[in-house]
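Welcome! Here are a few short exercises to work through with the model at hand. Try each task before you read its solution.

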Amino acid sequence: MPKSNTIKYLTLPTNYLSRLNNAQPHGVSRLTFYQNNLIINNLGKNLEFSKLNKNNSDYNLNSKYIYDFSFFSDLSTESEFDIDMHALLLNKNYLYALNHYGIIRIFAIDNSFKPIGLYKFASDTEYNYLVNKQILSSSSRSYAINDNNTAGLIVSHPIDDSKINYIEAKFTNIDELKESLDSLDFDIYLADLKQINIIFNESRLNLLGLACNNTFFLYKYILNPDFKLQNKVLEINLDYTIKYINIFNNCILLAGVSSPDSSIPYDDFFENTNDYISYFSLYDLSGNLLWHNECKEYIAWGYGGAPVVVRQNLIYVLLRNSGLAIINLTDGKCRFVSCVTDLDYNNENLGTGNLYYFNDKLLGTFNRAGYKLFCYEV
């Protein structure tokens, strides 16, 4: 464990400059890394391409490119969801930005940040991976959309970059836009599992982990050259709702939440959910339990969130108030770490969080903490 019980962190303002004027609550959703640059989704405002620089002990974001076009620039709610990215997927020098509506924008990012293509895909998918040129997605939902929920594992057909084209025009509703776009067709696997809440791709071992509420499944797959699901390797039933999956070093890390009152959804972060207890469980690939432990800290779980990073022998966990908990990977014991900053978020609920490891730092984002990154020195 770290020698100190204190970790210093600072907040970095992002560049939320935008032509869009909507009622989106201020926050940052996903981000990803391209070489030494960050690609950041400032919710409802833009996609930002920036370099994270350090000058002595200070950090700053040097913004290079901004994409702030919405097909619904005159409509508040529609433009919010249009610039609400559920996935930022990299394929060499291309970025596939998938929004809440299931619209995929394709960007060329080698020497610019230029949109070059559009597809329509399954809407409101929260966990997505790119395997070759196919997108694997958890089941789709239909929050604020007319689409029906899609059960099972969603597997797209390969994206053909040679046939893509891009348009910029105003539309009055999402259906009108979708009629103007080519479809990225997809197949459904494991429909009998109904709603798959979360997936995780371990590409080195060709293993796909997925969860339906409190049941975890592990499947083998092949690429020949397209994705094909093979046999089920493992099934584990837990007494908590699974919110996080990670497969590494021949181990499976599962985490999630449980509450005495199952009628209160944890993902409704406007509710007081302090009665929830989080659990972490580590298994080997044969399904043998290595350890199981609880963490009573107020973790920033939420739809699509991944507020956990595994680094060396530690599990870092982002809390709803911007604090951190640290779990020892050897025995699962959890402790709270004091985070020192000029700002006081101790009593605040900053919403759904995501945590990333980048250049010896942890970067945290929250969807209700304003347009900023939380930068932890670990």
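A polar contact is a pair of N or O atoms within 3.5 Å. Keep in mind that this is a predicted model.

**Exercise 1. Find the polar partner of the Asn-321 side chain, and decide whether Asn-321 is buried or exposed.**

Solution. Start by locating the residue: Asn-321 sits in the loop that joins strand 23 (314-318) to strand 24 (324-328). Next, look around its side chain. A polar atom there is 3.0 Å from the backbone nitrogen of Gly-323. Finally, check the accessibility. Buried means under 20% relative accessible area, and Asn-321 has 18%, so Asn-321 is buried.

**Exercise 2. Describe the surroundings of Asp-84.**

Solution. First, the place: Asp-84 belongs to the loop between helix 1 (76-82) and strand 6 (85-91). Second, the accessibility: with a relative accessible area of 13%, Asp-84 is buried. Third, the contacts: setting aside neighbours within four places in sequence, Asp-84 touches Ser-29, Asn-41, Leu-43, Leu-98, Asn-99 and His-100. Now pick Leu-43 from that list. Leu-43 and Asp-84 are 41 residues apart along the chain, yet their C-alpha atoms are separated by 5.4 Å.

**Exercise 3. Compare the backbone and the accessibility of Lys-194 and Asn-213.**

Solution. Begin with Lys-194, in the loop between strand 13 (186-189) and strand 14 (198-202). Its phi is near 65°, a positive value in a residue other than glycine. Lys-194 has 60% relative accessibility and therefore counts as exposed, the cut-off being over 50%.

Move on to Asn-213, in the loop between strand 15 (207-212) and strand 16. Asn-213 is not a glycine either, and its phi is also positive, at about 55°. With 44% relative accessibility, Asn-213 counts as partly exposed.

**Exercise 4. Which peptide bond leading to Pro-225 is cis, and where does Pro-225 lie?**

Solution. Look at the bond from Asn-224 to Pro-225: this one is cis, with omega near -10°. Then trace the chain on either side. Pro-225 falls in the loop between strand 16 (215-223) and strand 17 (227-237).

**Exercise 5. Decide whether the overall size of the protein chain agrees with a compact globule.**

Solution. Count the elements first: the chain has two helices and 28 strands. Then take the expected value. For 378 residues, a compact globule would have a radius of gyration near 21 Å; the chain has 20 Å, which agrees. To finish, look at burial: 55% of the 378 residues count as buried.

Key. Residues are numbered from 1 along each chain as its sequence is written. This is a predicted model: local features need pLDDT of at least 70, side-chain atom pairs count only at pLDDT 80 or more; totals for chains, interfaces and linings use all residues. Side-chain values use heavy atoms; hydrogens and water are left out. Helices (H or I, at least four residues) and strands (E, at least two) are DSSP runs, numbered from the N terminus. The radius of gyration is taken over C-alpha atoms; the globule rule is 2.2 Å times the number of residues to the power 0.38. Buried means under 20% relative accessible area, exposed over 50%, partly exposed in between (1.4 Å probe, protein chains only). A polar contact is a pair of N or O atoms within 3.5 Å; within protein, one must be able to donate a hydrogen and the other to accept it, and residues adjacent in sequence count only if both atoms are side-chain atoms. Contact means heavy atoms within 4.5 Å.
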